[in-house]
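These are my notebook entries on the two chains shown below. I set down what I looked up, entry by entry.

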Amino acid sequence: MQVSRLLKSNVRIIVVNEKRFMLEIEGLAVEREERLLFSGLSVKLPAGEGLHIVGKNGAGKTTLLRTLCGLTSPAAGAIKWNEQNTTDFREEFCSDLLYLGHKNANKTELNCRENLRLALGVQSVSDKEIGDALHEAGLGMLSHLPTRFLSQGQQRRLSLARLLLTDAALWVLDEPYVALDYKAIEWLDSILEHHLNNKGLLVLTSHQALTMTATIRVLNLGEQYA
Amino acid sequence: MHKMLWKLFSRDMTLFMHRKQDVVTVLGFFLIAVALFPLGISSDPELLKTIAPGAIWIAALFSTVLALDRLFSEDLDDGTLEQQMLMPVPLALLLLVRLIAHWVITGLPLVLLAPLMGLQFGLAFNEIMILTLSLLIGTPVLVLLGAIGAALTVGLKSSGGLVTLLLLPLYVPLLILGTSSVSSAMNGVDVTAHFSLMGAALLVSLVLSPFAVATALKITLD
């Protein structure tokens, strides 16, 4: 399995790992405030494939993503990453995982560079890579500004810029298209497609139809109980 | 691993550097609270000497509670707390690092200011030493215990009052030990027992508090 960073100016292979990644959801049931959102959900997602979760408001899309990451504990069932239970191997799972929630997770008092560096957590990246990623995200001119001066869409681009630099194989994105203009949507599509072509895994929610050529399965959360 | 923890530590430091006003608020509160005691009570030097340990300790205690409010709430609001929960580092260890950083920023300055406060109340040199040492051991415990309360109430709208109520029973023994160590020193009584007990409290809370905070945060974010 290869994961290459996406920077056009700096394409290089970061991880060369023969292991095939695999995400499995086994008989998952999730409750929210005593209300059963869904149960008996089983999905096998091999490397190189995406899972597009759709469903009406309140169907449990975000809760499913949070459960996948381990932020919410399920009522029943298990999540397995490379055939290991993610709750037992939390650190291993987390080092392969990148989660982007509704909130952009940017500190408003820090500038774009500082935020991107913080967001990448324990991963080491050079200043040049950070600068290139920001440039590609369309924030090159704004990189020195505290992020409170950025618009919603620009803040979203900033949090998406970490996709260009991350080593994670599994991307879990909650409504990544929100607040993006059409150009940024194309940009994000190309990033996601590149990730899947590189045998990465992708789980995302979105209300808009995806137009990528890579394999993306659709999971309709409302169906069971409609 | 060390590198990861160092990054976390420097993250908190960077954030504090951008939010100096928070630190200034806490320190200002401490200074003003202590300075108001003589004005409010009496200018009798003997009386002031007697109340000095209590006044300084109580001010330090409330400054710590004041600072705790910011420990997790902003990170929860902007989503960075979630990201931290997903870092490939044991959660308790991550939180321990963050709590140490928090103490360095908000607790250590109180300790460093304590000698000055002691002088203001006319304490003798050895009493000032004891006071500073008791705060050096005591304030980390205040932060470690307080973080449990902060983590339990982080999602709530007005958590300040609740945190104080939750923490008061835990803080009282420490307050008694801290102030009585200085009073004992004034009366020429041996203070080893006080410091042994406070040291024990520090060690226990260093080991147990991060786990309690981690569990509390998991429940909050669930």
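**Chain B: fold and dimensions**

I began with the contacts in chain B between residues at least 6 apart in sequence, and found that 78% of them join residues at least 24 apart. I note at the outset that the model is predicted.

I then looked up the secondary structure: chain B has nine helices and zero strands. Read along the sequence, I recorded the pattern α-α-α-α-α-α-α-α-α for chain B. The radius of gyration of chain B is 18 Å, and the globule rule gives 17 Å for 222 residues; the two values are close, so I entered chain B as being as compact as a globular protein of that length.

For the extents, I took the C-alpha trace of chain B along its principal axes and noted spans of about 55 × 35 × 30 Å. I also looked up burial, and 43% of the 222 residues in chain B are buried.

**The sheet of chain A**

I turned to chain A and asked in what order the five strands of its open sheet lie. I read the order as β8-β9-β10-β5-β11, with parallel pairing. Which strands stand at the edges? I found β8 and β11 (216-220) of chain A there; each has a single partner strand, so one side of each is left without a neighbour in the sheet. Direction ignored, neighbouring strands of this sheet are turned by 15 degrees against each other on average.

I followed one pairing further. Strand β5 (residues 50-54) of chain A pairs with β11(A) in the parallel sense, over five bridges. Within that pairing I looked up V54(A), and its bridge partner in β11(A) is N220(A).

**Contacts between the chains**

I next asked how many residues of chain A are in contact with chain B. I recorded 22 residues of chain A in contact with 20 residues of chain B. On the chain A side, the elements that give two or more residues are α2 (90-95), β8 (97-100) and α3 (112-119). By class, I entered ten nonpolar, seven polar and five charged residues for this side of chain A.

I then examined K103(A), which is found in the loop between β8 and α3 of chain A. Leaving aside residues up to four places away in sequence, I noted that K103(A) touches D78(B) and G79(B). K103(A) has 17 C-beta neighbours inside 10 Å, so I entered K103(A) as partly exposed. I also looked up the separation of K103(A) and L180(A): they are 77 residues apart along the chain, and their C-alpha atoms are separated by 14 Å.

**Positive phi in chain A**

My last entry concerns backbone angles. Most residues other than glycine have a negative phi. I looked up two residues of chain A against that background.

E34(A) is not a glycine, yet I found a positive phi of about 70 degrees. E34(A) lies in the loop between β3 (22-32) and β4 (35-46) of chain A. Is E34(A) buried or exposed? I counted E34(A) as exposed, because 5 other C-beta atoms lie within 10 Å.

K199(A), a residue other than glycine, has a positive phi near 65 degrees. I located K199(A) in the loop between α6 (182-197) and β10 (201-205) of chain A. With 17 C-beta neighbours inside 10 Å, K199(A) is entered as partly exposed.

Technical notes
Residues numbered from 1 in each chain as written. Chains lettered and ligands numbered in written order. Predicted model: local features only at pLDDT ≥ 70, side-chain atom pairs only at ≥ 80, totals over all residues. Contact = placed C-beta atoms within 7 Å. Helix = DSSP H or I, 4+ residues; strand = E, 2+ residues; numbered from the N terminus. Nonpolar A, V, L, I, M, F, W, Y, C, P; charged D, E, K, R; others polar. Pairing = 2+ DSSP bridges. Axes fitted to C-alpha atoms, helices over the stretch in contact; angles between N-to-C directions. Buried ≥ 20, exposed ≤ 12 C-beta atoms within 10 Å, placed from the backbone. Rg over C-alpha atoms; globule rule 2.2 N^0.38 Å.
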